[in-house]
Amino acid sequence: LARSLGEPAAVAIGDVSDDVVASLTAGGADVVYVASGADYADHVENDGVWETYGTSSFGLGTDDVDNDGYLGFSRYTGAAATTTFTGLEYFDNAGIVSGYDNQVNDQLTMTGTTFTGSGASEFIFDVQLGGPGSLADRLVIGSAAGSTLLTPNDLLFASPGVLNFVP
């Protein structure tokens, strides 16, 4: 499900026998979906604002997402959201991936996916930096390459924070 800010829109493409190109432009967002029917390889390009939630299944084939825009994975609903991409092999990020909504515990799960950061790659996340047991939004991936700027939105900014790297 793809949604641009201010204007709901969705693109759903089922089984295809030939190459399919679907382009969604709504409220300034440009999300292009390309599916190859022969090998079911999906390619998604985001150069705008893409708010996603729930589960998106990429299915068979070698699938990739190129994010040069803004991909948000929180629902802004007052409750933590989990967004899952299944069957996605590659996520190339030169834009922003964000769980920013002033609440912790939102999660973007791409198990088995190689996340590659390049250029202006940035991950914005909500966190409560207050020591052991602190809560934060999460990005769950299979492996990482390149570099990505981590930008925490500390919801407990009045207290000193402790940042621990966990490999």
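1. Start with one bridge. Asp66 has Asp92, in strand S11, as its bridge partner. Asp66 belongs to a parallel pairing: strand S8 (residues 64-67) and S11 are joined by four bridges. This is a predicted model, so read every value below as computed from predicted coordinates.

2. Strand S11 has two faces. The strand covers residues 90-93, and its side chains alternate. Phe91 and Asn93 point to one face and are buried. Tyr90 and Asp92 point to the other face and are not buried. The bridge partner of Asp66 is therefore on the face that is not buried.

3. S11 also pairs with S13. The sense is parallel, over four bridges. Here Phe91 stands opposite Phe115 of S13. Phe115 has a further partner in S15, namely Ala144. Strand S15 (residues 138-146) and S13 run parallel, joined by eight bridges.

4. S10 and S13 pair too. Three bridges join these strands, which run parallel. Thr84 has Thr109 in S13 as its bridge partner.

5. Now the overall fold content. The protein has 16 strands and zero helices. Its length is 167 residues, and 40% of them count as buried. Take the contacts between residues at least 6 apart in sequence: 60% of these join residues at least 24 apart. The accessible surface is about 8600 Å². Carbon and sulfur atoms hold 57% of that surface.

6. Aromatic pairs come next. How many does the structure hold? There are five. In one of them, the ring centres of Trp50 and Phe85 are 6.1 Å apart and the planes meet at 20°; stacked means under 30 degrees, so this pair qualifies. Trp50 sits in strand S6 (residues 49-51) and Phe85 in strand S10 (residues 82-86), so the pair ties together parts 35 residues apart in sequence. Trp50 has 6% relative accessibility and Phe85 has 1%; the cut-off for buried is under 20%, so both count as buried.

7. A second stacked pair is Phe73 with Phe123. The centres are 6.2 Å apart, with 5° between the planes. Phe73 is in the loop between strand S9 (70-72) and S10. Phe123 is in strand S14 (residues 122-127). The two are 50 residues apart, and the pair links distant parts of the chain. Both Phe73 and Phe123 are buried.

8. Phe85 deserves a closer look. Ring pairs link Phe85 with Trp50 and Phe58 into a cluster. Beyond its neighbours within four places in sequence, Phe85 is in contact with Trp50, Thr52, Ser56, Phe58, Leu71, Phe91, Leu108, Thr109 and Met110. That list includes Thr109, the bridge partner of Thr84. It also includes Phe91, one of the buried residues of S11.

9. Which residues touch the most other members of the largest nonpolar core? Phe85, Phe91 and Val97 do, in a core of 17 residues. Strand S13 (107-117) and S14 each supply at least two residues of this core. As background, nonpolar side chains tend to be buried together in soluble globular proteins.

10. One acidic residue to check is Glu122. Glu122 is in strand S14. Buried or exposed? Its relative accessible area is 17%, and the cut-off for buried is under 20%, so Glu122 is buried. Leaving aside neighbours within four places in sequence, Glu122 is in contact with Asn93, Gly95, Ile96, Val97, Thr148, Leu149 and Thr151. Two names there recur: Asn93 is a buried residue of S11, and Val97 is a member of the largest nonpolar core.

11. Last, the backbone. Most residues other than glycine have a negative phi. Asn102 has a positive phi, near 65°. Asn105 also has a positive phi, near 80°. Where do they lie? Asn102 is in the loop between strand S12 (96-98) and S13, and Asn105 lies in the loop between S12 and S13 as well. Asn102 counts as partly exposed at 46% relative accessibility. Asn105 counts as partly exposed at 27%.

Methods
Residues are numbered from 1 along each chain as its sequence is written. This is a predicted model: local features need pLDDT of at least 70, side-chain atom pairs count only at pLDDT 80 or more; totals for chains, interfaces and linings use all residues. Side-chain values use heavy atoms; hydrogens and water are left out. Rings of Phe, Tyr and Trp (its six-membered ring) pair if their centres lie within 6.5 Å; planes under 30 degrees apart count as stacked, over 60 as edge-to-face and the rest as tilted. Buried means under 20% relative accessible area, exposed over 50%, partly exposed in between (1.4 Å probe, protein chains only). A nonpolar core is a set of buried Ala, Val, Leu, Ile, Met, Phe, Trp, Tyr and Cys residues joined through side-chain atoms within 4.5 Å. Contact means heavy atoms within 4.5 Å. Two strands pair if DSSP finds at least two bridges between them. Accessible areas come from the Shrake-Rupley method with a 1.4 Å probe; for residues, only the protein chains shown count as cover.
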